[in-house]
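I opened my notebook to see what I could look up in this structure. Here is what I went through, entry by entry.

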Amino acid sequence: MGSLPRTVELFYDVLSPYSWLGFEILCRYQNIWNINLQLRPSLIAGIMKDSGNKPPGLLPRKGLYMANDLKLLRHHLQIPIHFPKDFLSVMLGKGSLSAMRFLTAVNLEHPEMLEKASRELWMRVWSRNEDITEPQSILAAAEKAGMSAEQAQGLLEKIATPKVKNQLKETTEAACRYGAFGLPITVAHVDGQTHMLFGSDRMELLAHLLGEKWMGPVPPAVNARL
């Protein structure tokens, strides 16, 4: 009898491009490593405010570095990520509150759809330069993820409910308690210890902590093309 899977939590926001990278790598490994991957939709704006951190776009050099970094990572990780044309408006003006409340509702009602729904929202904002703030945009992503129009509309109607609002707030506060100052963070629970890793480039260290084999960001056991 094998050992029980270790719990690995990924706290993420679809406004965060590096969250997408970490998300896809963990999704590739979730059936290779002995882990129970738990996706935790969170609000990056709340974490930035709580920690006193600022978005990279507010520092021009950091923004330029990020644009080039994502271009290189697009090929290395085989994820079709592209910088939004109006980056500052997307990051600082429009935000992701409605999208993350929607994903929170998905997680509460249909958790089996959370992976696909999250991916489709990232594809909209970080691959196709499309909106994720308007109701029709969220519905389009949900239907592309495989939801019926009725199912998607029902979930969208729940984003203003106290249950959904409170759950997103609680998940964001949990990330802060783990020490988050941005997203993504990966939290591994191993042998009674909790390890918080920031960013999408700590997966080799995560493998070490889990006692698992790291085979690069595109393990040969999976077809990574999105």
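**Entry: aromatic pairs**

Before counting, I wrote down what a pair is: rings of Phe, Tyr and Trp (its six-membered ring) pair if their centres lie within 6.5 Å. I also noted that this is a predicted model. How many aromatic pairs does a search of the whole structure find? I got ten.

I looked up one of them, F11 with Y178. The ring centres are 5.8 Å apart and the planes sit at 65 degrees, so I put this pair down as edge-to-face, since planes over 60 degrees apart get that label. The two partners come from distant parts of the chain, 167 residues apart: F11 is in strand β1, and Y178 is in the loop between α9 and β3. Are they buried or exposed? F11 counts as buried, at 1% relative accessibility, while Y178 is partly exposed at 28%.

Next I checked Y29 and W33. Their pair is tilted, with 4.3 Å from centre to centre and 35 degrees between the planes. Y29 is buried at 0% relative accessibility, and W33 is buried too, with a relative accessible area of 4%. I also found a cluster: ring pairs link Y12, W20, F23 and W122.

**Entry: the active site in the record**

Where does UniProt place the feature "active site"? The record, an unreviewed entry, puts it at S16. I noted that such annotations may be inferred rather than shown by experiment. In the model, S16 is found in the loop between β1 (6-12) and α1 (17-29). S16 is buried, with a relative accessible area of 4%, because buried means under 20%. Which residues does S16 touch, not counting those up to four places away in sequence? My list reads I44, W122, W126, L183 and P184.

**Entry: helix α6**

Two residues on that list, W122 and W126, are among the buried residues of α6, so I went there next. Helix α6 covers residues 114-126, and at 1.5 Å a residue its 13 residues should span 18 Å. The end C-alpha atoms are 18 Å apart, which agrees. Eleven of the 13 residues are buried, so I wrote that α6 is largely enclosed by the rest of the structure. The buried ones include L114, L121 and M123, and also R119, E120 and R124.

**Entry: the nonpolar core**

A general reminder to myself: in soluble globular proteins, nonpolar side chains tend to be buried together. The largest nonpolar core here has 71 residues. Which members touch the most other members? I wrote down F102, L103, W126, M147 and L206. I followed up L206: leaving aside its neighbours within four places in sequence, L206 is in contact with V8, L26, W33, T186, A188 and L197.

**Entry: helix α7**

I picked S137, which is in helix α7 (residues 135-144). S137 is buried, with a relative accessible area of 8%. Beyond its neighbours within four places in sequence, S137 is in contact with R124, D131 and I132. The buried residues of α7 are S137, I138, L139, A141 and A142. Together, the buried residues of α7 pack against α5, α6 and α8 (149-156). Just after α7, G146 takes a positive phi of about 110 degrees.

**Entry: helix α9**

I ran the length check on α9 as well. It has 16 residues and reaches 22 Å from its first C-alpha to its last, close to the 22 Å expected at 1.5 Å a residue. In α9, the buried residues are V164, L168, T171, T172, A174, A175 and C176. What do the buried residues of α9 pack against? I noted β1, β2 (35-41), α2 (44-51), α5 (97-109) and β3. Just after α9, G179 takes a positive phi of about 105 degrees.

E173 is found in helix α9 (residues 162-177), and at 33% relative accessibility E173 counts as partly exposed. I compared its position with R28: the two are 145 residues apart along the chain, and their C-alpha atoms are separated by 27 Å.

**Entry: cysteines**

How many disulfides does a search of the whole structure find? Zero. I looked at two cysteines anyway. C27 counts as buried at 11% relative accessibility, and C176 is buried with a relative accessible area of 18%.

Methods. Residues numbered from 1 in each chain as written. Predicted model: local features only at pLDDT ≥ 70, side-chain atom pairs only at ≥ 80, totals over all residues. Heavy atoms only, no water. Helix = DSSP H or I, 4+ residues; strand = E, 2+ residues; numbered from the N terminus. Expected span 1.5 Å × (residues − 1). Buried < 20%, exposed > 50% of the residue type's maximum accessible area, 1.4 Å probe, protein only. Contact = heavy atoms within 4.5 Å. Core = buried A, V, L, I, M, F, W, Y, C linked by side-chain atoms within 4.5 Å. Disulfide = S-S within 2.5 Å. Phe/Tyr/Trp six-rings, centres within 6.5 Å; stacked < 30°, edge-to-face > 60°.
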